[in-house]
Amino acid sequence: MNSDGTHDARSTHADRVPRPAGPPQVPPRPARAPGAPPLPDGSTFLTWLRTPRPEAAPGVWRFGHRPRPEEEPEEIPTRQLLSGALIAFLVGWLIWSLLSNGYFGSWWILPLKLFTPDSWRASDSQVVRLLVWEGYTVLVVFAIMIGVGRLGRWSEVWRRFVAPRLRRAVPEQAPLLPEEDPTQWHELRAAGAVDAAERLGADARAGLMRDVDHARIARAWQSVRSGRHSLATFTGAVLSEGAAACLHPSGERDLPGRLAQHDLVTGQVRLGTTADDPRNPYAYRGTGLALAPELLGTSLLAVGPAGSGKTGGVVWPLTESLCLHALAGRAAVVVVGAAGAGLGAVDAYDVVVRVGHPESVYDLDLYGGTTDPDEAAAVLAEALVGDLADPHPSGESRRSTTVLAQLLGPYRGVHGRFPSVPELRQLLDGAPGPLAALRKALTEGGQESLLRELDARERQLGQSGDVGNVLADRVALLDRPAFAGFFDTSGQSRPFSLRALDHPVRVRIDLPQRGHADASRILSRLVLAQFAASVAVREDRSLFACLVLDDATGVLTPEAVRGIQRLRSANAGVVMTLRTLDDAPRPLRSPLLGAVGCRVALSGLTPWDGQDFAEVWGKEWIEARDVTDRQIIAETPAGKAVHMLRRVITGNAPTARAVTVRQVERERWSASELAHGVPPGHAVLSLTSVRGEYAPPLLVDLRNPGS
């Protein structure tokens with residue numbers, strides 16, 4: 001049928017003609033498995049890889065960054081600049097008119113008479129005379145133009161208004177020299193792995209390599225250079241697998257989806273754009289704001305009310321970045337939050353512990369994988385009663401650790417494992433049956449030292465000041481029917497231990513929130529205490545370890561704050577969020593803000609929370625200008641008439657302005673500005689790197705992550 005609704009006779013006749021029978025047409029083989037995402041274009045990946053990433057201040061998004069001057073240049077207002085340029089032109093025109101018409105006499109020809117022979121000026125040749133006289137005239141005109149041009153700032157007029165309209169599209173970057181091209185893998189070539197470099201370059205040009213592949217292979221090459229792996233093993237894997245070499249144990253080469261913008265060459269994730277605000281340093285204004293492991297290594301605290309963007313604008317982009325780093329073999333990440341808190345899909349993690357959910361595949365190791373009763377007792381005491389301890393080290397926390405150690409040691413000596421939650425509760429309650437059975441087994445085994453521990457515990461039962469009852473009450477919160485299948489120590493489940501942080505693992509722990517808020521806080525403190533203890537004893541600290549606590553309410557204890565301070569030297573960090581600083585004990589607020597290097601204050605902060613941030617950010621010296629208008633009093637009748645005319649025209653009395661400039665000290669961000677001056681979707685944050693580099697408080701738009 002044609003477009004006008006009529007039938008084509010030729011096509012109808014052709015449809016009626018029978019076609020000869022033949023073999024069926026086989027469709028072409030698909031280039032990839034059904035449902036698989038299309039491979040990236042090779043040119044796109046090469047362009048991304050070759051994009052310059054200059055060194056920049058902490059927090060600046062380095063991908064394609066164009067550095068700005070440290071100080072804002074003084075820019076003349078447009079009206080004043082254009083009027084000054086026009087007036088300068090008119091002045092130059094007037095000067096030339098007066099010279100050419102003889103109003104200034106012939107003195108301007110004196111240099112020509114002094115520096116040229118008379119034969120040139122009085123030559124019979126018209127060409128010579130033309131060159132001499134007209135050439136000198138052109139020089140005079142140019143001298144006048146240069147003088148008035150400098151006076152009228154013509155160069156700035158050209159730079160601001162003319163040049164941008166005449167500038168043609170230029171390439172964003174100059175072509176790289178062969179020895180500077182990252183796609184050539186020069187380090188591999190220099191080490192003799194030329195074939196591996198050629199294979200990787202071919203995969204990159206063919207579109208078979210992704211950013212995660214590049215970061216993962218670069219990490220594997222660092223392992224070769226450090227001596228942990230051999231060059232032959234690395235070369236063989238690359239020649240065999242190409243861009244898919246040295247895969248993550250999960251076999252994944254990317255996340256199921258991405259929401260944030262990442263640059264795995266620098267390890268950064270972009271959170272937003274620094275606002276073009278006078279309170280921000282000029283070098284940061286309009287630049288992308290990004291975080292990387294060298295900043296998270298000082299730990300991060302984000303404070304803001306519900307709906308301010310803590311999870312969506314800060315936590316999830318950082319979690320997504322850490323998961324990508326884990327796939328590249330650079331990091332290990334543990335994410336703790338409520339189920340359904342928006343911390344990514346299950347497919348984005350290697351281990352998902354759903355505490356209290358009957359279908360959870362993994363369990364949580366209550367004792368952190370340790371076999372030392374004293375270490376297990378210290379970590380468990382921190383989780384159970386750490387929030388009851390005094391901010392300064394006291395006997396309360398030591399007594400809790402001692403009580404647990406007096407029970408865990410003998411029990412492990414008899415059974416070869418630590419007690420489960422119901423068994424530990426019975427021991428802390430002082431039930432006669434379990435204690436008698438434990439004593440009998442120790443006596444029969446001849447374990448006198450452990451028997452003395454148990455005797456000391458039995459003597460404390462029922463005495464005033466015994467913390468066993470408090471510990472038993474806290475353990476009872478975990479001994480609930482909802483947790484019946486969890487915290488198993490008999491080996492029948494698959495417990496996850498934070499001792500696995502030696503490997504690039506991605507872990508998510510979903511906490512029960514409905515009806516078990518106290519138990520969730522205990523588990524959060526347990527994970528934090530186990531994390532601080534585990535990262536301190538890792539053999540390979542080149543792997544960055546990060547713990548993400550989506551809600552740290554009730555988690556922060558004096559020992560936890562001290563543990564956060566020690567993470568920096570272990571190449572580890574913690575990301576925490578709070579709805580308000582009131583969720584942390586008052587004596588811990590200042591130590592907490594001092595322990596973390598990255599502080600984020602989101603919009604909607606309360607004034608008393610803002611006061612704590614204002615104190616930790618301190619003050620700065622600024623240049624204050626005081627402008628005073630003083631009325632001018634005329635003394636003569638003519639002056640009074642002029643003043644009267646000016647008042648009639650402008651409506652204001654004639655005044656003289658006096659400007660006083662002085663240096664004053666003021667808060668970088670006051671409590672009132674943090675509470676009322678941060679727009680919705682924005683945050684004020686300061687950054688500190690593990691090397692001590694510092695970025696002052698910056699106003700950032702989290703709704704504009706850039707492109």
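**Notes on rings and a surface patch**

1. Start with Arg53: its charged end sits over the ring of Trp48, 5.0 Å from the ring's centre. Keep in mind as you look around that this is a predicted model. There is another arginine to look up, Arg412, which lies over the face of Phe418 at 5.1 Å from the ring centre.

2. Now for rings paired with rings. A pair of aromatic rings is described by the distance of the centres and the angle of the planes. How many aromatic pairs does the count come to? The count is 9. One of them joins Trp61 and Phe63, with 6.3 Å from centre to centre and 55° between the planes, and this pair is tilted. Trp61 is buried, at 4% relative accessibility, whereas Phe63 is partly exposed, with a relative accessible area of 22%.

3. Next, try Phe483 and Phe487. Why is this pair edge-to-face? The planes of the two rings are at 65°, and edge-to-face means over 60 degrees, so the pair gets that label. Their centres are 6.2 Å apart. Phe483 is buried at 3% relative accessible area, and Phe487 counts as buried too, at 2%.

4. Rings can also link up into a group: Phe89, Trp93 and Trp154 form a cluster through ring pairs.

5. Last, have a look at the surface. Which residues form a nonpolar patch there? They are Ile87, Val91, Ile95, Tyr103, Phe104 and Trp107, and together they have about 630 Å² of accessible area. To find your way to the patch, look for Ile87 in helix α3, which covers residues 78–100.

Methods: Residues numbered from 1 in each chain as written. Predicted model: local features only at pLDDT ≥ 70, side-chain atom pairs only at ≥ 80, totals over all residues. Heavy atoms only, no water. Patch = residues over 30% accessible without salt bridge, like charges linked within 9 Å, V, L, I, M, F, W, Y side chains within 5 Å. Areas by Shrake-Rupley, 256 points an atom, 1.4 Å probe, with all protein chains shown as cover. Salt bridge = Lys/Arg side-chain N within 4 Å of Asp/Glu carboxyl O. Helix = DSSP H or I, 4+ residues; strand = E, 2+ residues; numbered from the N terminus. Phe/Tyr/Trp six-rings, centres within 6.5 Å; stacked < 30°, edge-to-face > 60°. Buried < 20%, exposed > 50% of the residue type's maximum accessible area, 1.4 Å probe, protein only. Lys NZ or Arg CZ within 6 Å of the ring centre and 35° of its normal.
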